[in-house]
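Visitor: I work at the bench and would love a close look at one small part of this model. Could you pick a spot in a loop and then walk me outward from there?

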Amino acid sequence: MKVKLYDIAHSRAGDKGNTLTLSLIPYNEKDFDMLCSTVTADKVKAHLKDIVQGEITRYELPNIASLLFVCKHALLTGVTTSLALDTHGKALSFALLEMEIDNLQ
Amino acid sequence: MKRPNILRIGCGAGFSGDRLEPSVILLEKAELDYLVLECLAERTIALAQKRKAQDASTGYDPLLEKRMRLYLPLLKKNNVRLITNMGAANPIAAADKIIAIAKELRIKIKVAAVTGDDVFDKINKETIALETGEPLYKAGELISANAYLGADALLPALQSDADIIITGRVADPSLFVAPMVHELGWDMNDFNVMGQATVIGHLMECAGQIAGGYFVDPVKKQVEGMAQLGHPYVDIHTNGEAIVSKVNGTGGVINLATAKEQLLYEVTNPHEYFTPDVIADFTKVQLQETTQNCVLAQGGTGNTKPATLKVSVGYKAGFIGEGEISYAGANALARAKLAGEILYERLHPDFPELRIDYIGYNSTHRTTFGDVVEPYEARLRVAAKAADATTAARIGEEVEALYTNGPAGGGGARKYVNEVIGILSVLIDRNTIQSSVTFRES
């Protein structure tokens with residue numbers, strides 16, 4: 001069954017220069033392992049292909065059952081000089097949550 | 001400290017424009033030892049340097065006077081010390097302003113201004129910027145350079161009897177780490193302790209963001225009382241355990257989900273979170289909901305502190321011109337897109353990096369996902385950079401001219417021109433930085 005990440009997890013975006021950070025936090029900590037196996041850095045890179053130009057690194061934080069995606073070259077140069085409407089990329093957390101995955105559970 | 005072996009710090013502002021009232025509630029009801037107001041973003045200080053260059057008595061936070069008139073009587077009445085980076089580009093002028101307000105309100109107060117972050121004279125313009133890989137001078141005219149000071153810069157001020165400690169650029173978590181070191185006797189060379197102190201500071205520094213602000217979602221993350229959102233305070237025990245909470249009766253929520261979102265906010269590597277105090281490791285942090293609206297945080301660690309400090313360098317990056325116009329009803333998006341095509345033809349030759357978005361369709365994420373339902377209305381947004389304001393203004397002028405030279409039914413045209421101050425980062429040897437403290441009394 002396909003589910004949107006929005007249905008099972010929440011996210012907050014942050015910015016540092018031209019780097020976008022996206023947390024991915026399952027509502028139910030039992031979903032953490034499933035997210036680890038399905039929401040890979042490559043899949044997120046494919047999903048955000050129109051937004052993120054650089055490399056995406058995924059960090060796993062089992063201590064808080066959360067993932068963190070760090071996306072380089074993602075903010076049209078960054079908050080101070082970007083031509084985008086959302087110069088920080090603050091709203092991009094919900095771009096990640098638009099991603100669909102096969103819910104194996 | 002008002003409780004034995006427990007330090008209580010509130011955070012009443014997470015950015016310069018944050019709401020004024022939550023601090024009043026913290027000061028009145030939270031029995032704080034310290035109130036921290038974090039009001040200085042990367043670009044904010046460059047803008048403040050610009051104001052200071054025009055008038056040497058300015059350059060501090062624009063809301064300083066408003067906040068101080070409101071908070072000074074409560075700080076004094078309830079014996080709460082204030083730590084804030086509202087000094088921005090001019091902490092001493094900010095201290096003078098606070099003293100002037102205190103005299104007017106007949107409040108006896110001592111202010112300590114921490115300086116030394118302004119390193120404009122020490123920066124080599126040949127230094128390679130971290131973001132671009134190119135020397136600083138290539139970016140354009142440089143207007144400011146401020147190093148991120150650490151908790152150590154605040155300690156002399158804290159060791160004095162100053163009621164208010166006002167700074168310029170200090171790493172956000174360090175505003176919290178400093179009172180922990182001072183009051184709890186923590187060793188700044190114990191990097192595990194500094195790691196935990198930094199975790200606490202990081203959880204707190206965005207104020208309302210750990211209490212349901214920037215968290216609530218009407219479907220998946222419902223939160224009560226958002227209009228009366230409370231800002232957080234934290235109880236820090238001598239062993240490093242910290243319990244984040246908020247005043248009873250305020251709106252919002254503090255739970256595992258809000259704490260997790262905030263812990264990872266703006267973190268680019270959870271194994272190595274750089275501050276001037278420590279390279280902290282967030283990957284062993286444990287969060288636990290103890291009671292309603294109380295989260296226990298422990299387990300932050302660290303290895304060492306960086307040999308260099310980050311410096312934010314501001315430079316003049318030209319101007320951005322913007323224009324917007326709306327279309328609604330039948331084929332609204334198609335009419336907006338036609339307007340976009342017309343403007344592209346008219347502007348693209350002179351503005352090769354012209355940005356064209358459709359608000360209500362693809363402007364916020366710069367793309368769309370899956371099948372998108374045709375919106376009832378769409379707003380064309382056009383933006384481009386230019387070296388001067390007059391050229392940048394052409395963007396808005398051409399958008400406005402769509403009224404009589406574009407598709408049917410366009411309305412609500414707006415045009416903007418803004419000067420752009422860019423920010424680049426460089427690293428500086430921390431031994432070249434010498435902070436100092438200046439006192440003022442009413």
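Guide: Happily. Let's begin at B:Asn331, which is partly exposed because 15 other C-beta atoms lie within 10 Å, a count between the 12 or fewer of an exposed residue and the 20 or more of a buried one. Please keep in mind that this is a predicted model. The backbone at B:Asn331 is worth a look too: its phi is near 55°, a positive value in a residue other than glycine. As for where to find B:Asn331, look in the loop that links β14 (308-328) to α9 (332-347) of chain B.

From that loop, step back onto β14, since this strand leads us to another part of chain B. The buried residues of helix α2(B) pack against β14, and also against β5 (142-147) and β17 (411-429) of chain B. Helix α2 covers residues 42-54 of chain B. Its buried residues are B:Glu42, B:Thr44, B:Ile45, B:Ala46, B:Leu47, B:Ala48 and B:Gln49. When you trace them on screen, one rule is handy: an α-helix has 3.6 residues a turn, so residues three or four places apart point the same way.

Now zoom out to the whole of chain B. Its domain 1 is built from the segments 6-122, 146-308 and 431-441, while domain 2 takes in 313-425. Taken over C-alpha atoms, the centres of these two domains of chain B are 38 Å apart.

Chain A offers a counterpart to our starting residue. A:His73 has a positive phi of about 50° although it is not a glycine. You will find A:His73 in the loop between β6 (66-71) and α4 (93-96) of chain A. A:His73 is partly exposed, because 15 other C-beta atoms lie within 10 Å of its own.

Around A:His73, chain A has four helices and seven strands. Read from the N terminus, these elements follow the order β-α-β-β-β-α-α-β-β-α-β. The C-alpha trace of chain A spans about 45 × 25 × 20 Å along its principal axes. Its radius of gyration is 13 Å, which agrees with the value near 13 Å for a compact globule of 105 residues. Of those 105 residues, 49% are buried. Finally, among contacts in chain A with a separation of 6 or more, 57% are between residues 24 or more positions apart.

Terms used: Residues are numbered from 1 along each chain as its sequence is written. Chains are lettered from A and ligands numbered from 1 in the order in which they are written. This is a predicted model: local features need pLDDT of at least 70, side-chain atom pairs count only at pLDDT 80 or more; totals for chains, interfaces and linings use all residues. Domain bounds come from an automatic or database domain assignment. Helices (H or I, at least four residues) and strands (E, at least two) are DSSP runs, numbered from the N terminus. The radius of gyration is taken over C-alpha atoms; the globule rule is 2.2 Å times the number of residues to the power 0.38. Two residues are in contact if their C-beta atoms, placed from the backbone, lie within 7 Å.
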